[in-house]
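This report describes the domains, sheets and ligand shells of one protein model. The sequence and structure come first, followed by the description.

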Amino acid sequence: MKFLSNWAALLLASACSCNAVVVHGQAKRQDVLATATVNLAVPQGTPAHRASGFLYGIPDTQGQVPSSFYTDMGFNYARAGGSQLPSPALGWVYGTTDFQNRFDSALSNYKTARSYGARFQLLIADIWGADGTAQITMPGDDGSWTYYDEFLEAVFTQITDNDMTEGLDFEIWNEPDLTDVFWQRDQAQYLEMWGHAFPKIRAAFPDMPIIGPCSSSQPSTSNTWYAEYYPFVKSNDSVPDYYCWHEEAGGDDVTTDIENNIAALEYYGLPQNPVIINEYGVPSEQVPGTTVWYLAQFERYNTSGLRGNWASGYSLHDYFANLLGKPDATEDCTTTSCETSTGYWGNGEYNIYKYYNLNMTGTRVQTIRSPDALFDIYATREGTDASTVKMLCGSRLTSGTWDILVTGLDAVGLPAEGTITIHSYQFNWPNGEFGDVPAPVDQGTYPHAYSNNELVFYVSPNTTTGYAFEFVP
Ligand SMILES: *[C@@H]1O[C@H](CO)[C@@H](O)[C@H](O)[C@H]1NC(C)=O
Ligand SMILES: *[C@@H]1O[C@H](CO)[C@@H](O)[C@H](O)[C@H]1NC(C)=O
Ligand SMILES: *[C@@H]1O[C@H](CO)[C@@H](O)[C@H](O)[C@H]1NC(C)=O
Ligand SMILES: *[C@@H]1O[C@H](CO)[C@@H](O)[C@H](O)[C@H]1NC(C)=O
């Protein structure tokens, strides 16, 4: 997430060749970079739309975005805490009114999320007021925890009084490893806060998941920040219920990082609790193809992901983290008029989430990404009906040609050899994040000959496009 310097945002940034896109599997093709695999014979459980959450993105006025936008994309995870709202909503360290106004923003977003059955992560650091570069008091300053304890009590009271415990994750702090930004003191003071807060939260809400550290860097045995954090939570008996971190440094690889975390947890002797990537994607990656690259990995690892959000001011609290547009859409709204205006539409990337949710039903099947780690695919089928096979693929900001190998065709009742007709859709990205894109481009059908119970065909995405392929009866 972007951070603010005195309310003004800064820093940390924030022709169709369709006909040739998919051709007969045995046609001559050049420069195939690598192959991704779909194995129809290996089911992987029911789709849960693991990638359909986002950071902020919900207007503070309930009902401002029509409900179909939430339900069509399978929205299921939210995370907010009033960040970037102006005075008098700057957070705890600015006074009681500023605390209450920030909390009320989070409460409104919580109510919206719960009305769609989504879980909600409360961004405690933002309610404190730590969403900027302004130097502020931090928990535990001068060795005193009194002010922080008062804050925790105030938050607990608000959660209880507003009947907010259901579906809530308690996040102790955001990006504590981003020194001088969200956490402005040393790591020792952060760890002391963690150890101090953890038993209090547990005692207040025994069933509420405590999540952390929600770091900007990714865990591994060579991450020096985690070399302190992981041994501390173990010896302190304060292991988070969900581990969280962000995939937003640009170039982070979800698969590598999840595997590295598994190894780090083993190395430090910690339980393999679930992981939530509660910010994913830098702004340039928020395009259809790269979004598929992310969601395929979240699905493969059964890991929930929430989209990163790079907007400023009231725009942070709008557009589903850059999936929607409206007539006066802007990335940095500071007026009530752009804050509350309506007339929403979905952009080209929104169509990915919609297809992922509405069309890819039944059972997930095993997929393996291309070994170059640049191209990935997610696939589903309903029972053993060949006409329900659907695949969604995309590359990570890279143009090129990749093969898709589909194995286990007999699992959907197809003979060992023959011809399969595939219907393809292109998810394009006209006019960027505020582009009005009602639907993907229907690219028609193509017959593909296959043999040996497997099919190979290829796709040539560019830096933004994603593709869906459906077997046609
Ligand atoms: C990617 O392909 C789409 C669809 O053909 C096209 O509209 C878009 O301009 C291309 N983008 C780039 C960066 O080449
Ligand atoms: C955990 O750390 C906190 C802060 O340093 C400390 O007060 C607490 O006693 C520790 N708890 C355990 C079980 O070690
Ligand atoms: C994800 O869940 C499915 C269904 O339970 C399971 O088959 C698969 O092995 C899991 N994947 C991983 C990486 O744990
Ligand atoms: C996805 O499913 C919806 C709802 O059944 C349908 O209206 C739409 O045409 C499908 N989209 C594609 C691209 O197949």
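Two residues count as in contact if their C-beta atoms, placed from the backbone, lie within 7 Å. The model is predicted.

**Domains**

The domain assignment of the chain gives two parts: domain 1 covers 20-45 + 364-472, and domain 2 covers 53-355. Their C-alpha centres are 33 Å apart. Across the boundary, 29 residues of domain 1 are in contact with 27 residues of domain 2. On the side of domain 1 that touches domain 2, at least two residues each come from β16, β17, β18 and β23. The most is given by β18, with 4 residues. Sorted by class, this side of domain 1 has 15 nonpolar, 8 polar and 6 charged residues.

**The barrel**

A barrel is closed by 8 strands, in the order β4-β5-β6-β7-β8-β9-β10-β11, with parallel pairing. From one strand to the next, the twist averages 25 degrees. One of the pairs in this order is β4 with β5: residues 53-55 and residues 77-80 run parallel and share 3 bridges. Within this pair, Gly-53 has Tyr-77 of β5 as its bridge partner.

**The open sheet**

A second set of 9 strands forms an open sheet with mixed pairing, in the order β21-β20-β23-β18-β17-β16-β3-β19-β22. Its edge strands, β21 (441-450) and β22 (455-459), each pair on one side only. Here the twist averages 25 degrees from one strand to the next.

Three antiparallel pairs of this sheet are listed below, each with one pair of facing residues.

| Strand pair | Bridges | Facing residues |
|---|---|---|
| β20 and β21, antiparallel | 8 bridges | Gly-418 and Tyr-450 |
| β20 and β23, antiparallel | 7 bridges | Phe-427 and Gly-466 |
| β18 and β23, antiparallel | 5 bridges | Leu-392 and Ala-468 |

In the β18 and β23 pair, the strands span residues 390-395 and residues 466-472. Strand β23 also pairs with β20, and β20 in turn pairs with the edge strand β21.

Two helices are described against this sheet. Helix α8 (residues 288-300) packs on the sheet and touches β16 (363-368), β17 (375-381), β18, β20 (418-427) and β23. The direction of α8 makes about 120 degrees with that of β18. Helix α10 (residues 350-359) lies across β18, β20 and β23. Relative to β18, helix α10 runs at about 155 degrees.

**Ligand shells**

Which residues are around ligand 2? They are Glu-192, Gly-195, His-196, Asn-236 and Asp-237. By class, the shell around ligand 2 has no nonpolar, 3 polar and 2 charged residues.

Around ligand 3 are Gln-44, Gly-45, Tyr-301 and Asn-302. The shell around ligand 3 divides into 1 nonpolar, 3 polar and no charged residues.

**Summary**

To restate the main points, the chain is assigned to domain 1 and domain 2. The model holds a closed barrel of 8 strands with parallel pairing and an open sheet of 9 strands with mixed pairing. Strand β18 is paired with β23, is touched by helix α8, and gives the most to the side of domain 1 that touches domain 2.

Technical notes
Residues are numbered from 1 along each chain as its sequence is written. Chains are lettered from A and ligands numbered from 1 in the order in which they are written. This is a predicted model: local features need pLDDT of at least 70, side-chain atom pairs count only at pLDDT 80 or more; totals for chains, interfaces and linings use all residues. A residue is near a molecule or strand if its C-beta atom, placed from the backbone, lies within 6 Å of it. Ala, Val, Leu, Ile, Met, Phe, Trp, Tyr, Cys and Pro count as nonpolar, Asp, Glu, Lys and Arg as charged, and the others, Gly among them, as polar. Two strands pair if DSSP finds at least two bridges between them. Axes are lines fitted to C-alpha atoms, for helices over the stretch in contact, and angles run from 0 to 180 degrees between N-to-C directions. Domain bounds come from an automatic or database domain assignment.
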